[in-house]
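Student: I have a structure to study. Can we go through it step by step?

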Amino acid sequence: MVNALPLSDYRPRTKLEVRRTQVERPRFPVVDAHNHVYFNGQWSSPEPDALLRVMDEAGVRVLACVDAAGPDDPLSVVRDTVRRFKGPHPDRFIVLARPDWRLLSGSSASLARRFADCVAEGAQGLKLWKDLGLTLRDGTGNLVRVNDPRLDPLMSKAGELGLPVMVHAADPVAFFDPLDATNERYEELLAHPDWHFHGSQFPPFRRIIEDLRDLVRRHPKTIFIGAHVGGYAEKLDYVGGMLRECPNYYVDMSGRVAELGRQPYTARRFFLEFADRILFGLDSFPPTADAYRVVYRFLETEDEYFDYTPDGLEPQGRWKVYGLDLPDEVLAKVYYENAGRVFPGANVAG
Ligand SMILES: [Zn+2]
C-alpha cells in the first residue's frame, strides 16, 4: 500500500441509503436530569434567558444544574446558581450541590451539615464526581474510595432529606486500558490525555464500580442516580443486575448515546425492563437544540447507522448508532415521569 492516510485524516462518508428521521421536538416534555451551567470554576452555559430559549426550542421543561467540580466553595456555587437560574425560574431549574471535600478531615458529621446548608440555599440533591474513587486523596494522601465510611453521614443525610445522590463513578472502561492500537477510544484519549487512567497510580475500573455498588447497597433509604448509565454502559448486564438488586438505584443516560446506540438490541431490552429507573440527561454544555435532537432521534426512531453527535464527529469512537424506537409509555417515564419521583418539588408536568 502506498501513501496510506494518517488515521486522523480518514473521514469516510457512508453510502448507505436508509430512512433519516428529523425529530424536532420530543414526544413528551423533557427533564434534563444531568447538565451543567457551571463547571470547574466558571459559568459554562449562557445567561438564563438564552438557555431558556434553547430549552424551549428543544422541548426541555426542566434542567438540572449539576455542580461537579471546581476550586470554589460548593455552598457559594449553590447560592450563585440559585440566584442566576433557579431563583428567577424556579419551575425550570433544579440545583445539585457537590460535597465540600475540605471538610473530609473534620468530624464525620461536617460534610452532612454543609450539605444541609446547601439544601437550605436551594439545592435539591447531591452530586459526587469521578474524582471520588479516582483521584481525590485525604489529608494523609490516601485515595478516598466511593464507599468510604467517612461519607456515610452525608449519604444518610440525603436520605433523611429525601434528596437524591447522583454519582459519576469511574469513566469509560477503555480509559483504564493501555493507550495502544487496540484501545477503542484511542483518538479521544490522544486529544484528552488527562482522561487516561491507566497505571498503578489509579485503581482498576472494576473496583470503583464495585465500590459504587457497595455504597448503594449500604444506604437503602437513600436514592442514588448512577450517572452515565451507572458508569458501565459497556456492560448493561451489570447495571441491570444492580438495578434489580437495589430498588433505591436509578441511572441517568447522559453522555452515553454512543455506547447505548451501538448495542441497540441490548439497550432496548434494558430500557424496557428498567423504564421506571432511567432518567434522561444530556451532559453536554452549553446545550444546543440539535444536541437534544440527536438523543430524541435515538430514543424515538428506528433510524439506523447515524451520527451520535449533531456535527457528525465521532469523538468517543469510530462507530455509528441505531435508534431504539421506544414505546410511548417508556418515553414518558424516561423523559420526565421518573425525574418527577426522584427530584421532589420539580414541577415537570407543568
Ligand atoms: Zn456531568
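Tutor: Start with a definition: a donor is an N, O or S atom within 2.8 Å of the metal. Keep in mind that this model is predicted.

Student: Which residues coordinate the zinc ion?
Tutor: Apply that cut-off. The coordinating atoms lie at 2.1 to 2.5 Å from the zinc ion. They are NE2 of two histidines and OD of an aspartate. The residues are H34, H36 and D283.

Student: What spacing do the donors of the zinc ion follow along the chain?
Tutor: Read the donors in chain order: H34, H36, then D283. Both H34 and H36 are buried. The spacing is H-x1-H-x246-D.

Student: Why is C118 not bonded to C65?
Tutor: A disulfide needs two cysteine sulfur atoms within 2.5 Å. C65 is buried, at 2% relative accessible area, and C118 is buried, at 0%. The sulfur of C118 is too far from the one in C65 for a bond, because the distance is 14 Å.

Student: How many aromatic pairs are there?
Tutor: Ring centres must lie within 6.5 Å to pair. By this rule the count is 20.

Student: Is the F176 and F205 pair stacked or edge-to-face?
Tutor: The ring centres are 5.6 Å apart. The planes stand at 70°, and over 60 degrees counts as edge-to-face. So F176 and F205, which tie together parts 29 residues apart in sequence, are edge-to-face.

Student: Which ring does the charged end of R213 sit over?
Tutor: Look at the cluster that ring pairs build from F176, F197, F202, F205, Y232 and Y238. The charged end of R213 is 4.9 Å from the centre of one ring, that of Y238.

Technical notes:
Residues are numbered from 1 along each chain as its sequence is written. This is a predicted model: local features need pLDDT of at least 70, side-chain atom pairs count only at pLDDT 80 or more; totals for chains, interfaces and linings use all residues. Side-chain values use heavy atoms; hydrogens and water are left out. Donors are N, O and S atoms within 2.8 Å of the metal (3.2 Å for Na, K and Ca); water is not among the atoms, so sites may look incomplete. Buried means under 20% relative accessible area, exposed over 50%, partly exposed in between (1.4 Å probe, protein chains only). Rings of Phe, Tyr and Trp (its six-membered ring) pair if their centres lie within 6.5 Å; planes under 30 degrees apart count as stacked, over 60 as edge-to-face and the rest as tilted. Helices (H or I, at least four residues) and strands (E, at least two) are DSSP runs, numbered from the N terminus. A charge sits over a ring if NZ of Lys or CZ of Arg is within 6 Å of the ring centre and within 35 degrees of the ring normal.
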